Amino acid sequence: MSQSATSVMRQHAEQQFAEELAELKKADQRQRPENWALSPWAVVQYLMGATLDNGFQVSAKYIGSPRLMEIAVATLATDRGLLLYGVPGTAKSWVSEHLSAAISGDSTLVIQGTAGTSEEQLRYGWNYAQLLANGPSEQALVPSPLMQAMRAGKIARVEELTRIPADVQDSLITVLSEKTLPIPELGSEVQAVRGFSVIATANNRDKGVNELSAALKRRFNTVVLPVPGNEDDEVAIVVKRVSEMGRALQLPAEPPALKEVRRIVQIFRELRSGKTEDGKTQIKSPTATLSTAEAISVINNGMALAGHFGDGVLRPLDMASGLIGAVVKDPVQDQVVWNEYLETVVKERAEWKDLYRAFRELA
């Protein structure tokens with residue numbers, strides 16, 4: 001049974017922003033690398049947002065340094081892979097998806113890295129019914145997303161590369177350096193078509209990660225995606241994503257007031273940095289990462305509460321439980337940190353009395 005585009009919970013980037021990509025393609029007169037849907041310049045316009053000559057508005061997908069996006073796109077125009085590196089919630093997967101959508105028109109060639117990811121999942125597998133019946137053959141081969149990308153000249157995405165065992169990671173070395181994928185069972189190989197590249201993401205706070213080998217590191221250009229540098233940028237990111245996700249999830253609540261978003265972002269930033277925004281008070285930081293993505297989740301959860309169990313207007317009590325859940329991951333250590341912040345910072349801010357009462361009511 002086919003699904004309509006409006007029935008899926010989350011469309012792929014190339015579907016959700018198909019109109020923007022089409023308008024950019026019409027306006028794009030610059031040189032494109034072979035098998036790229038857009039020129040490198042147009043890809044950056046798609047990511048950062050722009051107003052085209054005909055007045056069409058391209059929305060920003062990434063709020064941050066344009067230079068970082070230019071470096072990332074320039075890397076993909078060479079023969080090197082791209083490694084997006086950073087703390088959780090810095091939009092690594094988001095940027096990876098949108099780069100693939102703009103360059104290849106296809107963001108779906110993804111390998112999710114886990115401790116159980118095998119070499120077969122990276123390279124290729126077999127249809128065992130065909131294998132037993134007829135032996136190794138092209139028909140029995142099950143191509144991985146990486147192999148499909150090589151054949152089609154597209155971008156392959158590897159999520160959480162450092163969660164993959166080191167010996168499995170190293171199976172990428174030949175692909176990245178020689179642009180070939182040997183198939184010894186068939187005495188053949190797959191040679192990458194122009195346009196092929198790999199975008200990998202890695203989280204520098206994951207415990208028990210597998211360090212990349214020196215040989216593999218050399219095959220990647222690394223772009224570190226930072227936490228938003230200032231409060232205004234982070235607020236803008238949260239407002240944009242909350243609005244988009246609220247529409248996609250059809251949450252029956254009004255978008256939150258800017259004041260509420262700013263308060264949540266300020267709490268996250270202060271607890272992350274270990275000091276208040278004015279720098280006057282030192283505070284303890286919890287074990288949680290408190291990423292921008294988690295701030296978005298807290299507000300979306302609050303909108304769901306307000307829409308389904310309230311009057312549709314987001315209030316402090318709607319956000320309080322989600323915020324405490326984001327901060328208090330360790331019920332002992334983090335609870336102490338949170339209580340101290342609540343009593344020494346939140347309570348002392350006259351304009352935050354309603355927020356303080358909501359937290360105390362839950363407690």
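Colour this predicted model by pLDDT and select helix α12 (residues 231-249), which has the lowest mean pLDDT among the elements of the protein chain, at 88. Then select helix α3 (residues 40-48), where the mean reaches its highest value, 98. For the protein chain, the mean pLDDT is 92, and 97% of the residues reach 70 or more.

**The sheet**

Next, display the open sheet of five strands, whose order is β4-β7-β10-β3-β11 and whose pairing is parallel. Its edges are β4 (110-112) and β11 (220-224), each of which pairs on one side only. On average, and with direction ignored, neighbouring strands of this sheet are turned by 20 degrees against each other.

Zoom in on the edge at β4. This strand runs parallel to β7 (residues 155-159), and three bridges join the two. Select Q112 to find E159 of β7 standing opposite.

**Helices against the sheet**

Keep the sheet visible and add helix α8 (residues 145-152). This helix packs on the sheet and touches β4, β7 and β10. The direction of α8 makes about 160 degrees with that of β7.

Now add helix α4 (residues 66-76), which lies across β3 (81-86), β7, β10 (197-203) and β11. Relative to β11, helix α4 runs at about 165 degrees.

**The hairpin**

Move to strands β8 (residues 180-183) and β9 (residues 188-191). These strands run antiparallel and are joined by four bridges. Select P182 and look across to its bridge partner in β9, E189. Four residues lie between the strands of this hairpin, in which G187 takes a positive phi near 65 degrees.

**Helix α5**

The final stop is helix α5 (residues 92-104). What span should its 13 residues have at 1.5 Å a residue, and how far apart are its end C-alpha atoms? The expected span is 18 Å, and the end C-alpha atoms are 18 Å apart, so the two values agree.

Switch to a surface representation to consider how α5 is covered. Of its 13 residues, 12 are buried, so the helix is mostly covered, buried here meaning under 20% relative accessible area. Among the buried residues are W94, V95, L99 and I103, and the list also includes K92, E97 and H98. An α-helix has 3.6 residues a turn, so residues three or four places apart point the same way. End the tour at G105, which follows α5 and has a positive phi near 70 degrees.

Terms used:
Residues numbered from 1 in each chain as written. Predicted model: local features only at pLDDT ≥ 70, side-chain atom pairs only at ≥ 80, totals over all residues. Heavy atoms only, no water. Pairing = 2+ DSSP bridges. Axes fitted to C-alpha atoms, helices over the stretch in contact; angles between N-to-C directions. Contact = heavy atoms within 4.5 Å. Expected span 1.5 Å × (residues − 1). Buried < 20%, exposed > 50% of the residue type's maximum accessible area, 1.4 Å probe, protein only. pLDDT = per-residue confidence, 0-100.
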